[in-house]
Amino acid sequence: MLSGNEAVALGCREAGVHLGAGYPGTPSTEILETLAKMVPEMYVQWSPNEKVGLEVAAGAAFSGARALSTQKHVGLNVAADPLMTLAYTGVVGGLLVVSADDPELHSSQNEQDNRHYARFAKIPMLEPADSQDCKDFVKAGMEISERFDVPVLLRMTTRISHSKGIVEAGEIERPEILGFKKDPKKFVMVPGHARPRHAYVEERLERLRAFSEETPLNRLEWGSKDVGVIAAGAAYVQARELLPDASFLKLGLSYPLPLEKIRDFARAVQRVIIVEELDAFTEEQLKAAGIPCEGKTITGLLGELTPGRLRAGLHRAGLAEPGAAAADPVPVLPRPPVLCAGCPHRSVFFELKKQRGNVFGDIGCYTLGALPPLNAMDTCLDMGASISNAIGASKVSDGKKPVYATIGDSTFLHSGMTGLLDAVYNRANITVIILDNRVTAMTGGQEHPHTGHTLMGAEAKQVDFEVLARALGVEHVQRVMNHDLEDVHAALEDAEDFEGVSVIIADSPCALMPRKLRDTPFQIVEENCTGCLRCLQTGCPSISLTGSLTPEGRTRAVIDTDTCTGCGLCPQTCNDAAIVLVNEEVPA
């Protein structure tokens, strides 16, 4: 039993893939992590961002090795620059580009449909429907890549990446690394070389269309001729379960489409239904080709196509019986996401909330600083945007409010450095706070160029943020230990007084990774608690209300000593000496 991500890793092993590179991002992260454990003879690495990861994989493919590049859907936006030109250069060894899409935004900032990238770049796209497909399509993708001299897009979705299924293992190939051979007309994309390669791309796309018509990756499954369903990926599995008697065209190679096979299929059935998540990617192509079909009127455009949603749509279209009535929802206590107990970022946002400035934020677990009770972050656009956003805001502001950018260590290395360089170059008046918890925390604790280790466990050179900031031209750099509120406050005040770009490195390790930090927990002395509840304003999940009332009728707070990490933040918010260590003498 393997998850889709684990099955991709097994497929890489069986296909003899030599190199994998990428940037962690749910739901794709486990592919490279599994490869590092399952295939120790294969070279794998985390790159600073997805663009670099794809370029590393491309370099291996140019050298005649089989290579893999992984990222979540928004990561492919970052890697789109090399991808578009890779479609022109082609490859030598096979190159598989994984895009793990996230319908329903389980852990993402948007819900884009990356099937469009295949059509945009004019490259073939494979869509596995289960874990067995995930493994098999790696080898198929490598063969297509090498046969047609083209990178291949493997489109996963959250449901495919994380659900598990039985996978039958196969033979392990040992492809030879051919080595790099100079060929400027293929690899040097100056205009004089790129123009004929564009013609090659168009001619190759026609050959891929012919291949799509004949490949068994696009499979006919005949049933009743009343309804014919065309689907790929998780949508195929769900439609198969809800319409077991229908005829199906399962698309494994879903771009370019096998339009003649589809036309024949449509003639053979009375009604053609396109079942696909998110955009009308397939439906629009069929209608443009003059093939009557139904699709988005049944499935809708938003969110993950769950069995319940699909059944409801099919019922409205007269194709399926209604499902069982949903049970009344069980009321649950609302639990908004919060920073972890002991999170070092909490103190920075606690102090930023007191400032009168605007705070431009970024992608990471610290994005939760935007939520109550901290409410200390005003924007979150994309990886690395915090600094660039702050530059723009500072240039059009009246200067009466300080402008802050908050960015995590991994995100700063991903795409924040260029923003900081821009801030210095264009003389912005902003304060950049690098929230350095020494790990890529949000995706599960992956290594990056500041952690001192690689994905394969080797020791690595550690980036020094202070040296890096000064090298980029920043003159005012401060380092603070997050859990000291006075230290953080003073650093913010100093930065506000400085005209120009200032950087604060808020330096404390993540409370959970690489190991859970645990110090002596704190407790609240009930008789000393006045019910001011300033400690609750830190948003620490270890602090809650108790039923005990003060003589004035205010509710006292209580600390869960089992989850408290002893970070020491909440005692600094208490003016009544009511928060003490559990083994400390209680003040009178």
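Reader: What makes phenylalanine 137 the centre of a kink in α6?

Author: This is a predicted model, where local features need pLDDT of at least 70, side-chain atom pairs count only at pLDDT 80 or more, and totals for chains, interfaces and linings use all residues. Residues are numbered from 1 along each chain as its sequence is written, and side-chain values use heavy atoms, with hydrogens and water left out. The bend at a residue is the angle between axes fitted to the seven residues ending there and the seven starting there. In α6 there is a kink of about 30 degrees, centred on phenylalanine 137.

Reader: How do you know that the span of helix α6 agrees with its 18 residues?

Author: The expected span is 1.5 Å times one less than the number of residues. For residues 131-148 that gives 26 Å; the end C-alpha atoms lie 25 Å apart, so the two agree.

Reader: Which residues of α6 are called buried?

Author: Buried means under 20% relative accessible area (1.4 Å probe, protein chains only). Among those in α6 are Phe137, Val138, Ile144 and Phe148.

Reader: What reaches the backbone nitrogen of glutamine 132 at the start of α6?

Author: A side-chain oxygen of aspartate 130 does, to within 3.2 Å. After α6 comes aspartate 149, with a positive phi near 55 degrees.

Reader: Why is the protein chain called as compact as a globular protein of its length?

Author: The chain has 19 helices and 23 strands. Its radius of gyration, taken over C-alpha atoms, is set against 2.2 Å times the number of residues to the power 0.38. The value is 27 Å, close to the rule's 25 Å for 588 residues, so the chain is as compact as a globular protein of that length.

Note on methods. Helix = DSSP H or I, 4+ residues; strand = E, 2+ residues; numbered from the N terminus. Buried < 20%, exposed > 50% of the residue type's maximum accessible area, 1.4 Å probe, protein only. Polar contact = N/O pair within 3.5 Å; in protein donor to acceptor, adjacent residues only side chain to side chain.
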